[in-house]
Amino acid sequence: MLEVLQKKIQNTLLTFTNQRALFWDAEKILILSDLHVGKSAHFRKHGIAIPSEVLIADLKRLEDLMIHFQAQKIIIVGDLFHAGYNSDLDLFKYWRKQFTQQFILIRGNHDRLKREIYEDLGIECEEEFLFIEPFTFIHHPEKMEDRFYISGHIHPGFVLKTKNERLRLPCFAVSEQQIVLPAFSLFTGLDTKTLQGKFKNIIFTEGTIFEV
């Protein structure tokens, strides 16, 4: 079930979702990171039985978000793909051809395919970053003077302590200068230690989203 939390950042309304993506309302842009298409097939190639349904579920969630928000543009801030060309990319190609939205990828450390493959998949590539006022989109979180940037890579998580247990949950990490997106794919780990300092965390579960 889709749950949302809206915040004004840089005088711009953004919608945070419990489906691991961010929506820029005024521009009709859906923003996500770390989909890692090809990861399950990469594991299968090495003898680890990860079903292709993992990717199918991720793509269905992305499709539902695109339809719900009527997104006109999709920005992926890195690691759309995980490895070289494999059977998961054929599945993604079939899925991609069903949509007319503009897809833009800021290349991450895993995005190593040849440019011709991206073109065939209908994906525009930016090698380092993309600037759309007032946001700079980049894969690796890094401090850039006088800019607010939206990144991924870290797969941020938050440890929520209750009376009887400790829950590790995915989150958006938000500071005065940046937003670090959660990994969009469910087939990823969580990093609860890398991001230190003045971050607020927007954490979520399947049925809720809230800020701590």
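Helices and strands are taken here as DSSP runs, with at least four residues for a helix and at least two for a strand, numbered from the N terminus. By that reading, lysine 200 sits in strand S14, which covers residues 200-204. The model discussed here is a predicted one, and lysine 200 offers a convenient way into it. With a relative accessibility of 52%, lysine 200 counts as exposed, because exposed means over 50%. Leaving out residues up to four places away in sequence, lysine 200 touches Phe172, Ala173, Val174, Glu211 and Val212. For one of these, alanine 173, the C-alpha atom is separated from that of lysine 200 by 5.9 Å, although the two residues are 27 apart along the chain.

Stepping back to the whole chain, the model holds four helices and 15 strands. Of the 212 residues in the protein chain, 51% are buried. Contacts that span long stretches of sequence also feature in this chain: of the contacts between residues at least 6 apart in sequence, 66% join residues at least 24 apart.

Attention turns next to the nonpolar interior. In soluble globular proteins, nonpolar side chains tend to be buried together. The largest nonpolar core in this model has 29 residues, and those touching the most other members are Leu30, Leu80, Phe81 and Phe92. Two or more residues come from each of strand S4 (29-32), H2, strand S5 (73-76), H3, strand S6 (102-106) and strand S7 (123-126). H2 supplies the largest share of this core, with six residues. Apart from this core lies another, of 24 residues, whose members include Ile9, Trp24, Leu130 and Phe204.

Leucine 80 gives a closer view of the surroundings of one core residue. When residues up to four places away in sequence are not counted, leucine 80 touches Leu35, His36, Val37, Phe92, Leu105, Asp111 and Ile123. One of these partners, histidine 36, belongs to the loop between S4 and helix H1 (39-45). Histidine 36 has a relative accessibility of 7% and so counts as buried. The backbone of histidine 36 is also worth a look, with a positive phi near 55° in a residue other than glycine.

The packing of two helices can be described in similar detail. The axes of helix H2 (residues 53-69) and helix H3 (residues 87-96) come within 11 Å and cross at roughly 20°. That angle makes H2 roughly parallel to H3, since angles under 35 degrees count as roughly parallel. The crossing of H2 past H3 is right-handed. On the H2 side, the contact is made by Leu55, Ile56, Leu59, Leu62, Glu63 and Met66, which meet Asp88, Leu91, Phe92 and Trp95 in H3. Sorted by type, the residues of this contact comprise eight nonpolar and two charged, with no polar ones.

Helix H3 also contains aspartate 90. At 43% relative accessibility, aspartate 90 is classed as partly exposed. Aspartate 90 and leucine 121 are 31 residues apart in sequence, while their C-alpha atoms are 9.5 Å apart in space.

Several loops deserve a look for their backbone geometry or their contacts. Most residues other than glycine have a negative phi, and most peptide bonds are trans. Asparagine 11 has a positive phi of about 60° although it is not a glycine. Asparagine 11 is found in the loop between strand S1 (4-9) and strand S2 (12-17), and its relative accessible area of 75% makes it exposed. Elsewhere, a cis peptide bond links glutamate 133 to proline 134, with omega at about 5°. Proline 134 is placed in the loop between strand S8 (129-132) and strand S9 (135-138).

Glutamate 176 lies in the loop between strand S12 (166-174) and strand S13 (178-180). This glutamate 176 counts as exposed, at 77% relative accessibility. With neighbours within four places in sequence left aside, glutamate 176 is in contact with Gln10 and Phe148. Measuring from C-alpha to C-alpha, glutamate 176 and isoleucine 9 are 8.7 Å apart in space, with their positions 167 residues apart in sequence counted as their separation.

Conventions
Residues are numbered from 1 along each chain as its sequence is written. This is a predicted model: local features need pLDDT of at least 70, side-chain atom pairs count only at pLDDT 80 or more; totals for chains, interfaces and linings use all residues. Side-chain values use heavy atoms; hydrogens and water are left out. Axes are lines fitted to C-alpha atoms, for helices over the stretch in contact, and angles run from 0 to 180 degrees between N-to-C directions. Angles under 35 degrees count as roughly parallel, over 145 as roughly antiparallel, 65 to 115 as roughly perpendicular and the rest as oblique. A crossing is left-handed if the near helix is turned anticlockwise from the far one by less than a right angle, and right-handed if clockwise. Contact means heavy atoms within 4.5 Å. Ala, Val, Leu, Ile, Met, Phe, Trp, Tyr, Cys and Pro count as nonpolar, Asp, Glu, Lys and Arg as charged, and the others, Gly among them, as polar. A nonpolar core is a set of buried Ala, Val, Leu, Ile, Met, Phe, Trp, Tyr and Cys residues joined through side-chain atoms within 4.5 Å. Buried means under 20% relative accessible area, exposed over 50%, partly exposed in between (1.4 Å probe, protein chains only).
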